[in-house]
Amino acid sequence: MNDTLAASPLWADIATAVLVVVGASFAAVGSFGLLRMPTFYRRIHAPTLGATLGVWSITLATIIFFSTQGYGLFLHAVLISFFVGLTAPITTIFVMRVALFRDRRKPDPKVPVPPAFGTTPAPAQPPPAEAP
Amino acid sequence: MTPILFWGLKAALFLLAVAMLCALARLLIGPTAQDRVIALDCLYINGMLMMLVLGIVYASSVYFEAAMLIALFGFVGSAAMAKFLLRGEVIE
């Protein structure tokens with residue numbers, strides 16, 4: 001611990017503490033949901049709580065803490081927020097495609113089938129007879 | 001460091017450790033491979049948040065660089081694993 005820690009004002013300490021605890025709570029709730037939910041398709045929703053609000057709160061706490069240390073504005077942490085906000089949906093969509101791809105190869109009636117392009121999902125009909 | 005910030009950081013580190021344990025449990029017991037992929041992704045994000053909190057604890061911006069690297073490589077690793085599960089090859 002160095003001496004510059006005493007330089008930060010009280011409101012900055014309180015804001016940092018509150019934001020850090022809130023962000024860590026969101027991350028803990030999201031990870032607990034990841035452990036607790038019954039199926040994969042419900043489970044994939046939970047960690048996004050920690051990837052959005054948790055990351056935003058803790059990076060905001062980092063910005064407030066380092067900006068009140070006397071070294072000027074510390075805005076590098078916004079990079080992490082933007083990067084995680086950009087990549088977390090990509091990962092989620094990608095893993096979702098993986099789960100659908102792997103589940104559709106198994107004969108499971110609970111897995112949703114892909115709808116036809118440009119139309120509303122029609123009720124199941126027998127395939128038309130192939131002309132020879 | 002005021003006591004409220006001290007105990008707030010302690011509580012945040014405890015909560016993040018609990019979050020990482022939950023993600024690790026899902027990583028170990030996950031029935032399918034895609035469960036393990038999202039559990040590892042969640043573990044990466046929790047570790048990155050813990051790096052940021054440790055940077056506040058030690059008042060050092062070096063931890064910020066580590067958090068940035070963890071975020072970068074976590075995304076690359078998750079995308080590569082998803083690509084492997086989807087196509088059987090990482091780079092085609």
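How far does H3(B) reach from its first C-alpha to its last, and what span is expected at 1.5 Å a residue? I shall take that question as the opening of this presentation, with the reminder that the model is predicted.

The helix H3(B) has 26 residues. From the first C-alpha to the last, H3(B) reaches 38 Å, which is close to the 38 Å expected at 1.5 Å a residue. Directly after H3(B) comes B:Gly88, with a positive phi near 85 degrees.

Let me turn to the buried residues of this helix. They are B:Phe64, B:Ala67, B:Ile70, B:Ala71, B:Gly74, B:Phe75, B:Ser78, B:Met81, B:Ala82 and B:Leu85. Their cover includes H2 of chain B, together with helix H4 (77-104) of chain A. The cover of H3(B) thus includes elements from both chains.

That brings me to the interface. Here, 43 residues of chain B are in contact with 49 residues of chain A. On the chain B side, the elements that contribute two or more residues are helix H1 (3-29), helix H2 (33-57) and helix H3 (62-87). By class, this side of chain B comprises 32 nonpolar, 8 polar and 3 charged residues.

Finally, I consider the partner, chain A. Chain A has 4 helices and 0 strands, and from the N terminus on its elements follow the order α-α-α-α. Of the 132 residues in chain A, 34% are buried. Among the contacts in chain A with a separation of 6 or more, 60% are between residues 24 or more positions apart.

Notes. Residues are numbered from 1 along each chain as its sequence is written. Chains are lettered from A and ligands numbered from 1 in the order in which they are written. This is a predicted model: local features need pLDDT of at least 70, side-chain atom pairs count only at pLDDT 80 or more; totals for chains, interfaces and linings use all residues. Two residues are in contact if their C-beta atoms, placed from the backbone, lie within 7 Å. Ala, Val, Leu, Ile, Met, Phe, Trp, Tyr, Cys and Pro count as nonpolar, Asp, Glu, Lys and Arg as charged, and the others, Gly among them, as polar. A residue is buried if 20 or more other C-beta atoms lie within 10 Å of its own, exposed if 12 or fewer, and partly exposed in between; C-beta atoms are placed from the backbone. The expected span of a helix is 1.5 Å times one less than its number of residues.
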